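The exercises below are intended for a reader who meets this protein here. Please attempt each task before reading its solution.

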Amino acid sequence: MLKSILVLGFVALQMTGSIVQAATLDKQTIIPKPVSVVPAKGTFKLSSKTAIFVVGESAELKQIGSFLSAKLSPATGFGLKVKTSDGKKVAGSIVLSLSANDTQLGDEGYQLTISNNNVSLTANKPAGLFNGVQTIRQLLPAKIEMTTVQKASWELPAGTIRDYPEYSFRGVMLDVARHFFQVADVKRYIDLIAGYKMNVMHLHLADDQGWRIEIKKWPNLTTIGGSTQVGGGKGGFYTQEEYKDIVKYAAERYIMIIPEIDMPGHTNAALASYPELNCNDTATKLYTGTEVGFSTLCTDKKVTYQFITDVMSELASITPGPYLHIGGDESHVTKLEDYIPFVNKVQEIVARTGKKVIGWDEIALSTLQPNTFVQYWAKAYNAQRGVKQGAKVIMSPGANAYLDMQYDTSTKLGLHWAGYIEVDKGYSWDPATLVPGIGKENILGVIAPLWSETITNMKEIEYMVFPRLPGYAEIGWSSPAGRSWSEYKVRLGIQGERFKALDINYYPSKLVTWSK
Ligand code: NGO
């Protein structure tokens, strides 16, 4: 009798042990939160025999398979092979395939089905498969993100996830003008946002303090305009080849690059490079401070529009994405009667390159072309004016989504002109209800900007971006109906292990219980 009680107890202990180890799918911690998760019994265990099959001969699918293999192989040490399959299920494998039209999933959605024997990932489009791959990463222990072999039980809990985004536009902006960041830093940032299913990186390539993109017809922009940065450091710029390399790296992660040349204000670097762009034909001095709103292109000179035509044409030729961003913010020394026709003309110039215009919310003061987009950052009135003209809005509200706003009064980096943004505040807003008169149907998506007046290196970027970034990714991806800070903060806390595994220098907010 005693013996059988002991045996029973032992079995129960073993069972509880195994239940703890293999979490069920619904207890998982995926960010952004998926649309639907249906758990099932069991787990899929990765082993040295697991292969990744892509169905059909497609270089693009193979590339996604290789991306997954490159993410899973280092920590497991399994060296997962990518193979082509005819669609028949191969036991013990991960299978990626494009399905027939599953309209609910759209262009970016996916279905992930995990059983004891197989992992099957399907989507309408490769972008959906890539998003599903990010979910697979998050279902494995956080150590999966490490670059050396780790001991862990590499199990994926069984069940089915169907998932697709709320908004088609989800991303970040990086200001490489105030401080310049190397290509390797931009790529690391791209990798980090890709893990949270973001698909846009907006690069702020020119401002008063620096011009950061090579323009072949106007070489002084970079030799002079790119030669310094805030604080007087040496600055830098991307050659067109380097920019194309960034674009390609981003595209391989289903991320679109949106280049911004800010104008007519925020142009001192250009004005210092070419005297003829100034109304008095005298080049300004290079500027390394952090004031805003003091510079303007000379809006009634012909050469100004020749300059813009050349810049936008070169930029369009190296940017496969459909958008060129013209800035337009804080042109405090441009008279409104000059600003309005200027923005109207620049819209025409961009239209001639075949691209669509995005501008900060002030551009809604002008007459917007049908394909122009307004990026709301400060004035609801401007954004509403844009919507009244039929424009769609990108939501980047300073008080909610600026990654350069400090967390609280003790944060050393960053600014606080739009207030402090603790992690809960950054998460707890809904783009579709933030501005009266602007609903979901008017919104393209969400971009969280990081301005770099006070940010000088990658570790500082990481500190301001994490842990707020997953929240912005979730606002863009997940339905507001299923979102609450009290539930989200638990999932975020568990991501802390992943931040560590990825060597991210994150701000350990006291509002979150971080798992070790
Ligand atoms: C403003 C300003 C930028 C600053 C930023 C700092 C916009 C659109 N223009 O945002 O020049 O760098 O605030 O937070």
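The exercises treat the overall form, the two sheets, the ligand site and some backbone details.

The model is predicted; local features require pLDDT of at least 70, side-chain atom pairs count only at pLDDT 80 or more, and totals for chains, interfaces and linings use all residues. Residues are numbered from 1 along each chain as its sequence is written, and side-chain values use heavy atoms, with hydrogens and water left out.

**Exercise 1. Overall form**

Determine how many helices and strands the protein has, and why it is described as compact as a globular protein of that length.

*Solution.* Step 1: the protein contains 16 helices and 17 strands (DSSP runs numbered from the N terminus; H or I of at least four residues for helices, E of at least two for strands). Step 2: its radius of gyration, 25 Å, is close to the 24 Å from the globule rule for 516 residues, so the protein is as compact as a globular protein of that length (the radius is taken over C-alpha atoms, and the rule is 2.2 Å times the number of residues to the power 0.38). Step 3: the C-alpha trace spans about 100 × 50 × 45 Å along the principal axes.

**Exercise 2. The open sheet**

State which order the seven strands of the open sheet follow, and which strands lie at its edges.

*Solution.* Step 1: the order is S1-S7-S5-S6-S4-S2-S3, with mixed pairing (two strands pair if DSSP finds at least two bridges between them). Step 2: S1 (36-45) and S3 (81-85) are the edge strands, each pairing on one side only. Step 3: on average, neighbouring strands of this sheet are turned by 20 degrees against each other, direction ignored (axes are lines fitted to C-alpha atoms, and angles run from 0 to 180 degrees between N-to-C directions). Step 4: within the sheet, S4 (residues 93-98) and S6 (residues 118-123) run parallel and are joined by six bridges. Leu98 stands opposite Ala123 in S6.

**Exercise 3. The barrel**

Describe the closed barrel and the pairing of its strands.

*Solution.* Step 1: eight strands with parallel pairing form the barrel, in the order S8-S9-S12-S13-S14-S15-S16-S17. Step 2: the average turn between neighbouring strands of this sheet is 30 degrees, direction ignored. Step 3: three bridges connect the parallel strands S14 (residues 356-360) and S15 (residues 373-376); Trp360 stands opposite Gln375 in S15.

**Exercise 4. The ligand site**

Identify which residues are closest to the ligand and how much of the ligand the protein buries.

*Solution.* Step 1: the ligand is surrounded by 14 residues, the closest being Arg178, Asp329, Asp404, Trp417 and Glu453 (a residue counts if one of its heavy atoms lies within 4 Å). Step 2: by class, this shell holds eight nonpolar, one polar and five charged residues. Step 3: a side-chain N or O atom of Asp404 is 2.6 Å from an oxygen atom of the ligand. For polar side-chain atoms of Trp417 the distance to a ligand oxygen is 2.8 Å, and for Glu453 it is 2.5 Å. Step 4: the ligand taken alone exposes 340 Å², of which the protein buries 98% (Shrake-Rupley method, 1.4 Å probe).

**Exercise 5. Backbone details**

Locate where the cis peptide bonds before Pro32 and Pro467 occur, and where His266 with its positive phi is found.

*Solution.* Step 1: most residues other than glycine have a negative phi, and most peptide bonds are trans. Step 2: the bond from Ile31 to Pro32 is cis, with omega near -5 degrees, and Pro32 lies in the loop between H1 (2-21) and S1. Step 3: Phe466 and Pro467 are joined by a cis bond with omega about 15 degrees; Pro467 lies in the loop between H14 (458-465) and H15 (469-477). Step 4: His266 has a positive phi, near 55 degrees, and is found in the loop between S12 (256-263) and H7 (268-273).

Technical notes: Polar contact = N/O pair within 3.5 Å; in protein donor to acceptor, adjacent residues only side chain to side chain. Nonpolar A, V, L, I, M, F, W, Y, C, P; charged D, E, K, R; others polar.
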